[in-house]
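This report describes how two chains meet, how they are related, and how selected strands and side chains are arranged. Please inspect the sequence and the model before reading on.

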There are 2 protein chains.
Amino acid sequence: MAEKALASKLRAIVGDRYYREDMEARVAHSYDGTPMLQALPDGVVYPASTAEVAAVMKVLAEHRVPLVSRGSGSNLCGGTVPLEGGIVMVMHRMNRILEVDLENLTATVQPGLITAEFIAHIESLGLFYPPDPSSMRISTIGGNIAECSGGLRGLKYGTTKDYVIGLEAVLASGEIIRTGGKLMKDVAGYDLTKLLVGSEGTLAIITEATLKLVPPPRAKKTMLAMYRDLYGAARTVSRIIEARIIPATLEFMDNPTIRVVDDFAKLGLPLDMEAILLIEQDGDPEAVERDIALIEEICIAERADRVQVAADREEAERLLTARRSAFTALARLRPTTILEDATVPRSKIADMVLRINEIARKYNVTIATFGHAGDGNLHPTATTDARDHDEVHRVEQAFAEIFEASIELGGTITGEHGVGIVKAPYLEWKVGSAGLDMMKGIKQAFDPHRLLNPGKLFAKETRKRVVLQHE
Amino acid sequence: MAEKALASKLRAIVGDRYYREDMEARVAHSYDGTPMLQALPDGVVYPASTAEVAAVMKVLAEHRVPLVSRGSGSNLCGGTVPLEGGIVMVMHRMNRILEVDLENLTATVQPGLITAEFIAHIESLGLFYPPDPSSMRISTIGGNIAECSGGLRGLKYGTTKDYVIGLEAVLASGEIIRTGGKLMKDVAGYDLTKLLVGSEGTLAIITEATLKLVPPPRAKKTMLAMYRDLYGAARTVSRIIEARIIPATLEFMDNPTIRVVDDFAKLGLPLDMEAILLIEQDGDPEAVERDIALIEEICIAERADRVQVAADREEAERLLTARRSAFTALARLRPTTILEDATVPRSKIADMVLRINEIARKYNVTIATFGHAGDGNLHPTATTDARDHDEVHRVEQAFAEIFEASIELGGTITGEHGVGIVKAPYLEWKVGSAGLDMMKGIKQAFDPHRLLNPGKLFAKETRKRVVLQHE
């Protein structure tokens with residue numbers, strides 16, 4: 001529990017009801033979507049305005065007490081576990097859409113807004129906000145910004161970063177800054193907006209965001225292609241891009257994922273396929289028809305065993321279910337599901353999947369792989385049991401080797417889930433020691449007393465690199 | 001001139017021929033595209049490789065001598081004037097396209113490559129690199145990255161920042177870092193890639209860039225719309241966006257610009273118009289036809305006096321000439337041309353143009369305004385004479401007031417030209433003192449001894465704000 005003087009100051013700011021130290025509140029905010037990580041905060045605060053956030057932060061800065069700001073905690077990197085205790089700040093009361101500006105095609109929102117609710121509102125106005133992380137029904141816009149969330153539409157439309165054009169944020173000192181604006185071009189100094197997106201709550205507390213909206217596509221079409229040969233699927237991805245087609249969605253599932261998904265959702269998928277691609281194109285009706293026809297040709301030329309173009313939205317939704325239920329279906333298998341996030345250049349997808357399978361065999365663990373093939377963002381997912389320490393250790397070794405393979409192939413340790421606690425020991429592998437030093441320097445500039453989400457991004461020690469053995 | 005020990009070390013790295021201290025070389029690199037700014041460097045170095053850049057930087061760091069890295073120096077913010085002397089590093093020898101990767105749709109290039117040459121090569125491969133700053137025939141990719149250059153296609157396609165996905169750079173210490181990669185998604189730590197884009201050579205020396213390419217549009221159409229009423233033109237811009245159309249280009253010229261351009265290029269433009277919009281749409285042929293027809297309707301509804309859709313590419317090029325020759329035409333009028341770069345939310349364009357005209361009258365100076373209406377990026381351009389100190393002083397006062405008006409309307413002090421020397425006294429107006437402190441902290445982390453392009457971005461003093469008087 002927080003010291004008495006601090007607690008009474010926090011209560012004075014937000015009101016008795018919105019500062020809690022009871023065990024229920026503390027336990028509820030001791031973990032997030034990441035398995036096997038937990039730490040108790042001393043208290044939980046629920047601010048209602050930027051002014052309250054700033055006042056809370058000023059008090060915490062005086063008392064040198066750390067703060068973890070969070071939305072729904074759906075992240076998968078331990079990003080909102082209060083590792084060093086202190087106060088958890090829950091943004092859910094700040095959940096309003098402050099403005100949709102139809103002339104400038106922008107929306108200004110508070111961070112606690114649920115992403116899917118925002119998207120539904122925007123679509124009801126005939127507009128489009130593309131970032132669609134799988135967590136969107138529970139995740140918040142603020143959380144999406146903190147983690148720079150991606151999603152299924154990233155290939156064509158980019159990620160959260162590409163849509164955040166202005167921010168209001170509270171610094172570790174309690175001061176309020178405003179970056180960017182309703183501006184499509186702004187080069188006044190370093191780009192603090194893009195720096196704060198993906199900074200995982202370690203540089204500032206985001207209290208308001210101005211988001212870019214775009215016109216919605218006028219048509220959409222969905223198809224599945226199934227392959228006995230993994231390389232056929234991978235070549236299809238490359239050939240589509242080489243044909244100058246950027247599909248809205250280009251998703252991949254490997255054989256273990258297909259089996260589990262079919263068992264879960266009863267879709268009648270063929271269980272002897274090595275890979276399924278789920279492909280969507282959107283845009284003008286004529287262009288969509290042309291692209292889908294071309295993609296179909298490419299799939300067949302690359303020896304897809306079956307190609308199925310959805311006749312209508314209903315059938316399309318059924319096809320999408322296959323991919324969307326991958327995580328849920330896998331999570332049923334064993335008590336603990338660890339969903340990872342290695343990303344490679346899209347030309348390296350088949351190599352990466354084979355490496356993952358090889359590594360899983362080596363460590364005798366079960367890893368199914370699915371993900372966003374179009375942008376090389378794979379989610380190798382281990383099903384295990386947290387109580388089996390030996391197996392969990394082997395899973396960790398396998399993932400370390402997977403990250404190393406990813407970097408070897410020109411990839412990264414995380415495409416859209418963030419570093420948090422989970423990837424911190426590997427960050428130096430990707431960015432190098434000089435790059436890591438620059439990041440630490442930025443952290444120091446923003447948060448000299450290590451009050452904002454301490455213990456994240458930067459590990460005490462970088463993990464030793466495994467020497468890969470290729471049998 | 002640099003001290004002897006330093007000079008001989010630099011010669012040992014790059015060879016005698018590529019380190020110069022003669023007056024010709026020093027004078028040639030004492031200025032850039034910005035009028036009325038000049039400072040002599042002590043020497044000029046022309047490295048041929050990243051290793052040479054790193055070695056040069058290590059030596060300069062030892063000797064605590066500042067460095068300004070530059071391409072062609074076409075910037076308009078004094079960004080490459082060596083304010084504090086030291087060494088100018090010219091990147092022109094590092095001008096190769098290292099790779100075009102058709103599977104990943106990326107190009108990896110050296111910084112000294114001329115932008116237009118890069119674009120021509122990319123287009124010859126049937127691909128598209130959208131950023132098209134007006135300087136592209138002389139400017140380099142490295143310079144574009146340093147300044148985060150925009151251009152005419154920014155509205156639909158974004159600016160340089162949106163296409164840089166990986167960088168190699170040399171730090172102030174001489175260490176080499178690599179950020180990003182051929183990756184459409186990468187959230188491994190703070191986004192150093194986007195931070196370096198637009199950092200104006202103050203954080204690192206860019207030695208290699210990986211750029212995202214996109215499929216080219218299949219068709220393009222161009223039109224002009226002319227208005228007697230400025231607000232009609234401005235409303236047209238808003239109505240087009242509200243109709244969910246994002247044109248590839250949506251350019252604006254005011255009456256003074258129209259007059260000068262017509263006198264220069266003999267296009268037969270009507271001289272009694274208050275505004276001309278130049279509009280281009282690209283994409284699939286059917287969509288382009290539909291959008292242009294809709295835009296034409298909107299122009300007529302907003303009382304355009306004349307609307308002219310180009311029948312073919314030749315006519316389109318003629319229409320484009322009007323906008324492209326704006327700067328050249330204005331530059332003929334008087335000895336000194338100061339092209340500014342205020343940017344507002346696009347809904348505020350008419351207000352901003354009227355404010356600019358009002359301010360020009362108040363200070364009795366000549367300012368013509370043209371620019372990228374679609375993204376609110378206006379280029380108020382003063383024609384004056386550097387030898388007339390009184391007039392130049394009035395021009396400066398007028399611009400200070402224009403920047404203030406821009407911020408008041410929710411805009412920024414620079415949309416695409418950068419801060420450099422020219423805007424440094426105004427940066428705090430846009431980003432606030434806390435924002436400026438964070439930027440200084442970032443600078444301190446990257447360049448503790450102020451060796452990289454010192455004197456840029458951060459002014460010794462922020463200019464006092466003018467109190468706007470609205471008559």
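## Terms and basis

A polar contact is a pair of N or O atoms within 3.5 Å; within protein, one atom must be able to donate a hydrogen and the other to accept it, and residues adjacent in sequence count only if both atoms belong to side chains. The model is predicted, with local features requiring pLDDT of at least 70 and side-chain atom pairs counting only at pLDDT 80 or more, while totals for chains, interfaces and linings use all residues. Residues are numbered from 1 along each chain as its sequence is written, chains are lettered from A and ligands numbered from 1 in the order in which they are written, and side-chain values use heavy atoms, with hydrogens and water left out.

## The interface between the chains

Between chain B and chain A, 32 residue pairs are in polar contact, both residues being at pLDDT 80 or more. Several elements of chain B, as assigned from DSSP runs numbered from the N terminus (helices H or I, at least four residues; strands E, at least two), each supply at least two residues of the side that touches chain A: strand E8 (176–180) and helices H7 (192–196), H8 (230–242), H10 (285–301) and H15 (427–446). H15(B) gives the most to this side, with twelve residues. The residues on the side of chain B that touches chain A comprise 34 nonpolar, 26 polar and 24 charged. In this division Ala, Val, Leu, Ile, Met, Phe, Trp, Tyr, Cys and Pro count as nonpolar, Asp, Glu, Lys and Arg as charged, and the others, Gly among them, as polar.

With contact taken as heavy atoms within 4.5 Å, chain B and chain A contribute 84 residues each. The area buried between them is about 6400 Å², and carbon and sulfur atoms give 62% of this area. Buried area here is the accessible area (1.4 Å probe) that two parts lose on being put together, summed over both.

## Salt bridges

A salt bridge requires a side-chain nitrogen of Lys or Arg within 4 Å of a carboxyl oxygen of Asp or Glu. Ten such pairs are found across the interface of chain B and chain A; one of them joins A:Lys430 to B:Asp186, with an N to O distance of 3.8 Å.

Over all chains, the structure holds 72 salt bridges. Among them, A:Glu62 pairs with A:Lys9, the closest N and O atoms being 3.4 Å apart. A:Glu62 lies in helix H3 (residues 50–63) and A:Lys9 in helix H1 (residues 4–14) of chain A, so this pair ties together parts that are 53 residues apart in sequence.

## Relation of the two copies

Superposed by least squares on the C-alpha atoms of residues with pLDDT of at least 70 in both copies, chain B falls on chain A after a rotation of 180° with 0.0 Å of shift along the axis, at an RMSD of 0.0 Å. The two copies are therefore related as by a two-fold rotation axis. Of the residues of chain B, B:Ile442 comes closest to this axis, at 2.7 Å (C-alpha). The same surface serves both copies, with 100% of the contact residues of chain B recurring in chain A.

## Strand pairing

Strands pair if DSSP finds at least two bridges between them. In chain A, four strands form an open sheet of mixed pairing in the order E1-E2-E4-E3. Strands E1 (19–20) and E3 (67–70) of chain A each have a single partner strand, so one side of each is left without a neighbour in the sheet. Within chain A, E2 (residues 43–45) and E4 (residues 87–90) pair in the parallel sense over three bridges, and A:Val45 stands opposite A:Met89.

In chain B, strand E7 (residues 164–170) and E8(B) pair in the antiparallel sense over five bridges, with B:Leu167 opposite B:Thr179. These two strands form a hairpin with five residues between them, and B:Gly174 in the turn has a positive phi of about 95°.
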